[in-house]
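The following exercises concern the fold, the surface and the confidence of one protein chain. Please consult the sequence and the coordinates while working through each task.

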Amino acid sequence: MRAQFVAYELPADFVASLRADRTAIADANKLNQSEVQDGVGNTKLIDELLGEINDVIGGLDAIIFNKCTRQPEKLRAWQSASHVERAPQRNKKPTPTPTPPA
């Protein structure tokens, strides 16, 4: 088959180059898949850490509230500093019901 490629004016190392390209693509796909898995793991870790932070802040809220009840400016500063904003989440679109044929 290599002779047929050469007969159509392709370089003599065409098959070797094609195999090298195929291997490079397969390697790139493996790398991309592992990076996606790492990203999923990191996202899960971030959620877990935010959950732990919320638990700690909940305990600190009670302490600061008791300590700063008579100091409203400090209490407001704590409430502002301890609030963790999250990115807005999109609502899922309802799946449309298929219309029956006429």
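The exercises below, each with a worked solution, refer to this predicted model.

**Exercise 1.** Determine the secondary structure content of the chain and its order along the sequence.

*Solution.* Step one is the count: the chain holds three helices and zero strands. Step two is the order, which reads α-α-α along the sequence.

**Exercise 2.** State what share of the residues is buried and describe the accessible surface.

*Solution.* The chain has 102 residues, of which 6% count as buried. Its accessible surface is about 9,700 Å², and carbon and sulfur atoms account for 59% of that area.

**Exercise 3.** Identify the residues of the negative surface patch and classify glutamate 48 by exposure.

*Solution.* The patch of negative charge consists of Asp47, Glu48, Glu52 and Asp55. Glutamate 48 lies in helix α2, which spans residues 14-67. Its relative accessible area is 41%, so glutamate 48 is partly exposed, the class between 20% and 50%.

**Exercise 4.** Identify the residues of the nonpolar surface patch and classify leucine 60 by exposure.

*Solution.* Val56, Leu60 and Ile63 make a nonpolar surface patch of about 260 Å². Leucine 60 is located in helix α2. With a relative accessible area of 34%, leucine 60 is therefore partly exposed.

**Exercise 5.** Assess the confidence of the model for the chain and for its elements.

*Solution.* The average pLDDT of the chain is 79, and 88% of the residues score at least 70. Among the elements, helix α1 (residues 2-7) has the lowest mean pLDDT, 76, whereas helix α3 (residues 72-82) has the highest, 85. Where pLDDT is low, predicted coordinates should not be read in detail.

Key: Residues numbered from 1 in each chain as written. Predicted model: local features only at pLDDT ≥ 70, side-chain atom pairs only at ≥ 80, totals over all residues. Heavy atoms only, no water. Patch = residues over 30% accessible without salt bridge, like charges linked within 9 Å, V, L, I, M, F, W, Y side chains within 5 Å. Areas by Shrake-Rupley, 256 points an atom, 1.4 Å probe, with all protein chains shown as cover. Salt bridge = Lys/Arg side-chain N within 4 Å of Asp/Glu carboxyl O. Lys, Arg positive; Asp, Glu negative; His and termini not counted. Charge placed at Lys NZ, Arg CZ, Asp CG, Glu CD. Helix = DSSP H or I, 4+ residues; strand = E, 2+ residues; numbered from the N terminus. Buried < 20%, exposed > 50% of the residue type's maximum accessible area, 1.4 Å probe, protein only. pLDDT = per-residue confidence, 0-100.
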